[in-house]
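Visitor: Please take me through the charged side-chain pairs of this model, and then follow the elements that carry them into the surrounding sheet and core.

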Amino acid sequence: LSTHHGIKLHDVPANKSDIMQDMLSDLPNLRAVLFDRYFAEEAYSFHFHRWKPNVLRILDMQDFHALRLARQDMVETSSKNGYGDWMNDALMDRLMACIPAHGDGMRDELQHHTTRKRKKGKNASDILLRELTSIHRSDLTLVCSMEEFDILTEVFNIDPGKLILAPFFSEEN
């Protein structure tokens, strides 16, 4: 247990239900919990659902991992398939089609590139399903860009009331 800026931080090993239950029973005034990525939500949210059902469960996406992996795959595939320079006009057109404001191609492009198996066992379609499931299980999700907010609401039909735009960077006044 450590405290930073008046916020108590707990480090609980995964799959230790007894430790989690003891910790939660010692926190009668707990009002919210923040999961720093979808896999932390997967590992711990069921404890809160079971023992503290009134606690607000917040997911901080950090970024839309499946989208990032799909775009990375697109760049790598284009490079390997002889498109020449890895960042050429054709590749930029395909990347821009992944952003809703620039066309309707996002769903098809993401679907195509998430079905490919990635190195080290990372599969963007599996991660997409895990991220969307974590969003649905959470009460609130922090999203880092308006583009990702739009994709989640327009392409994947996530209720905008479950999302909060929390960009990493903001313009200075």
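Guide: Arg-37 and Asp-36 join their side chains in a salt bridge, with N and O 3.4 Å apart; the term asks for a side-chain nitrogen of Lys or Arg within 4 Å of a carboxyl oxygen of Asp or Glu. The model is a predicted one, in which local features need pLDDT of at least 70 and side-chain atom pairs count only at pLDDT 80 or more, while totals for chains, interfaces and linings use all residues. Residues are numbered from 1 along each chain as its sequence is written, and side-chain values use heavy atoms, with hydrogens and water left out.

Arg-37 is partly exposed at 28% relative accessible area, and Asp-36 is partly exposed at 37%; here buried stands for under 20%, exposed for over 50% and partly exposed for what lies in between (1.4 Å probe, protein chains only). The structure holds 4 salt bridges, and one of the others joins Arg-130 to Glu-42, whose closest N and O atoms are 2.6 Å apart. Because Arg-130 belongs to helix α6 and Glu-42 to helix α2, this pair ties together parts 88 residues apart in sequence; helices (H or I, at least four residues) and strands (E, at least two) are DSSP runs numbered from the N terminus. Both partners are partly exposed, Arg-130 at 33% and Glu-42 at 26%.

Another salt bridge is formed by Asp-139 and Arg-57, with 3.8 Å between the closest N and O atoms, and it links the loop between α6 and β5, where Asp-139 lies, to Arg-57 in strand β4, 82 residues apart. Asp-139 is partly exposed at 32%, whereas Arg-57 counts as buried at 12%.

From β4 the path leads into the sheet, which is open, has 4 strands in the order β3-β4-β5-β6 and pairs them in parallel (two strands pair if DSSP finds at least two bridges between them). Its edge strands are β3 and β6, each pairing on one side only, and the twist averages 25° from one strand to the next. Helix α2, which carries Glu-42, lies across β3 and β4 and runs at about 155° to β3, while α7 packs on the sheet against β5 and β6, its direction making about 160° with that of β6. Such angles run from 0 to 180 degrees between N-to-C directions, the axes being lines fitted to C-alpha atoms, for helices over the stretch in contact.

α2 and β3 are also joined by an aromatic pair: Phe-35 and Phe-48 meet edge-to-face, 5.8 Å centre to centre with 75° between the planes (ring centres of Phe, Tyr and Trp, the last by its six-membered ring, within 6.5 Å; planes under 30 degrees apart count as stacked, over 60 as edge-to-face and the rest as tilted). Phe-35 sits in strand β3 and Phe-48 in helix α2, 13 residues apart, and both are buried.

Phe-48 leads on to the largest nonpolar core, which has 28 residues and in which Phe-48, Met-61 and Ile-135 are among those with the most contacts; such a core is a set of buried Ala, Val, Leu, Ile, Met, Phe, Trp, Tyr and Cys residues joined through side-chain atoms within 4.5 Å. The helices of the Arg-130 and Glu-42 pair, α6 and α2, are among the elements that each supply at least two residues of this core.

Terms used: Contact means heavy atoms within 4.5 Å.
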